[in-house]
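Here are a few short exercises to work through with the structure open beside you. Try each task before reading its solution.

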Amino acid sequence: MNYYQTAAKDEAIAKKFISLMDKYQGNDPLKLGYKAVSHAIMAKHVWSPINKIKYLRQSAAVFEQAVALDKQDPEVRFLRFSIENYIPRYLNMSPNLEEDKKVFMAAILKHPRSGISSETVKIMRDFLLRKDLLTEQEQKQVAKLNL
C-alpha cells in the first residue's frame, strides 16, 4: 500500500514501482492487483492521452486476471475500486465500482473476522471516508469499525 500512495505523487517512484511490478509473473491475486495499480499510476504521470489510455487498459486487463483468480479477494477489489474511482466517467472505464464495493464492504464490515489486517482496513476506511464514496448508512458502519 505504501508504494501505491507515494507513487501516485512522485513520477520517479511510479517508474520504479511499475518496473518492479512488471517483473512479477506469478498468479497471486493481490500481487497482480498491485501490478495493475502500477500501470494505472503511470497513466497519471504521462502526458499523452493515448499513453494514458494505454496504461489504463493494461491496468484493467491485469485487474481482470487478478479478479478471475479470486473473485472474493476484498483487497484486490478495493484496489480496483480505488483506481476506477479516479478515472473520468466519460471514458467508460469504470464498470466495476458497484460490484467491487459490495465485495470489499462486506469484508471490512466483518472485521476482524474477515482476515484482512487492521492496518489495511484502516487504510480502506480512511480512503472511503475522505473521498465521500459511501452512503450515509455505510459511513456510519465504517466509522464504527473497531480498529
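**Exercise 1. A pair of charged residues**

The model is a predicted one, and we begin with two of its charged residues. Are Glu-138 and Lys-101 buried or exposed, and how do their side chains meet?

*Solution.*
- Step 1: Glu-138 is buried, and Lys-101 is buried too. That places each of them under 20% relative accessible area.
- Step 2: Their side chains meet in a salt bridge, with 2.8 Å from N to O.
- Step 3: Now place the partners. Since Glu-138 belongs to helix α8 (residues 136–143) and Lys-101 to helix α6, the pair ties together parts that are 37 residues apart in sequence.

**Exercise 2. From one salt bridge to a network**

Find the salt-bridge partner of Glu-99, then work out which residues are linked with this pair in a network.

*Solution.*
- Step 1: Glu-99 forms a salt bridge with Arg-77, and their closest N and O atoms are 3.1 Å apart.
- Step 2: Glu-99 sits in helix α6 (residues 97–109) and Arg-77 in helix α5, so this bridge ties together parts that are 22 residues apart in sequence.
- Step 3: Check the accessibility of each partner. Glu-99 counts as partly exposed because its relative accessibility is 44%, while Arg-77, at 2%, counts as buried.
- Step 4: Look around the pair. A network of salt bridges links Glu-64, Arg-77, Arg-80, Glu-99 and Asp-100.

**Exercise 3. Neighbours in sequence**

Classify Arg-125 and Asp-126 by accessibility, and give the distance between the closest N and O atoms of their salt bridge.

*Solution.*
- Step 1: Arg-125 has a relative accessible area of 15%, so it is buried.
- Step 2: Asp-126 has 27%, so it is partly exposed.
- Step 3: The closest N and O atoms of this salt bridge are 3.1 Å apart.
- Step 4: For the wider picture, the count of salt bridges comes to nine.

**Exercise 4. The nonpolar core**

Which residues of the largest nonpolar core touch the most other members, and which helix gives the most to this core?

*Solution.*
- Step 1: The core has 26 residues, and those touching the most other members are Tyr-4, Phe-17, Val-37, Ile-41, Phe-63 and Ile-83.
- Step 2: At least two core residues come from each of α1 (2–7), α2 (11–22), α3 (29–45), α4 (49–69) and α5 (74–86).
- Step 3: With eight residues, α3 gives the most.

**Exercise 5. A charged patch**

Where is Arg-130 placed, and with which residues does it gather in a surface patch?

*Solution.*
- Step 1: Arg-130 is in helix α7 (residues 118–130).
- Step 2: Arg-130 counts as exposed because its relative accessibility is 57%.
- Step 3: On the surface, Arg-130 gathers with Lys-9, Lys-44 and Lys-131 in a patch of positive charge.

Notes
Residues are numbered from 1 along each chain as its sequence is written. This is a predicted model: local features need pLDDT of at least 70, side-chain atom pairs count only at pLDDT 80 or more; totals for chains, interfaces and linings use all residues. Side-chain values use heavy atoms; hydrogens and water are left out. Patches are made of residues with over 30% relative accessible area and no salt bridge: like charges are joined within 9 Å, nonpolar side chains (Val, Leu, Ile, Met, Phe, Trp, Tyr) within 5 Å. Accessible areas come from the Shrake-Rupley method with a 1.4 Å probe; for residues, only the protein chains shown count as cover. A salt bridge is a side-chain nitrogen of Lys or Arg within 4 Å of a carboxyl oxygen of Asp or Glu. Lys and Arg count as positive and Asp and Glu as negative; His and the chain ends are not counted. The place of a charge is taken as NZ of Lys, CZ of Arg, CG of Asp or CD of Glu. Helices (H or I, at least four residues) and strands (E, at least two) are DSSP runs, numbered from the N terminus. Buried means under 20% relative accessible area, exposed over 50%, partly exposed in between (1.4 Å probe, protein chains only). A nonpolar core is a set of buried Ala, Val, Leu, Ile, Met, Phe, Trp, Tyr and Cys residues joined through side-chain atoms within 4.5 Å.
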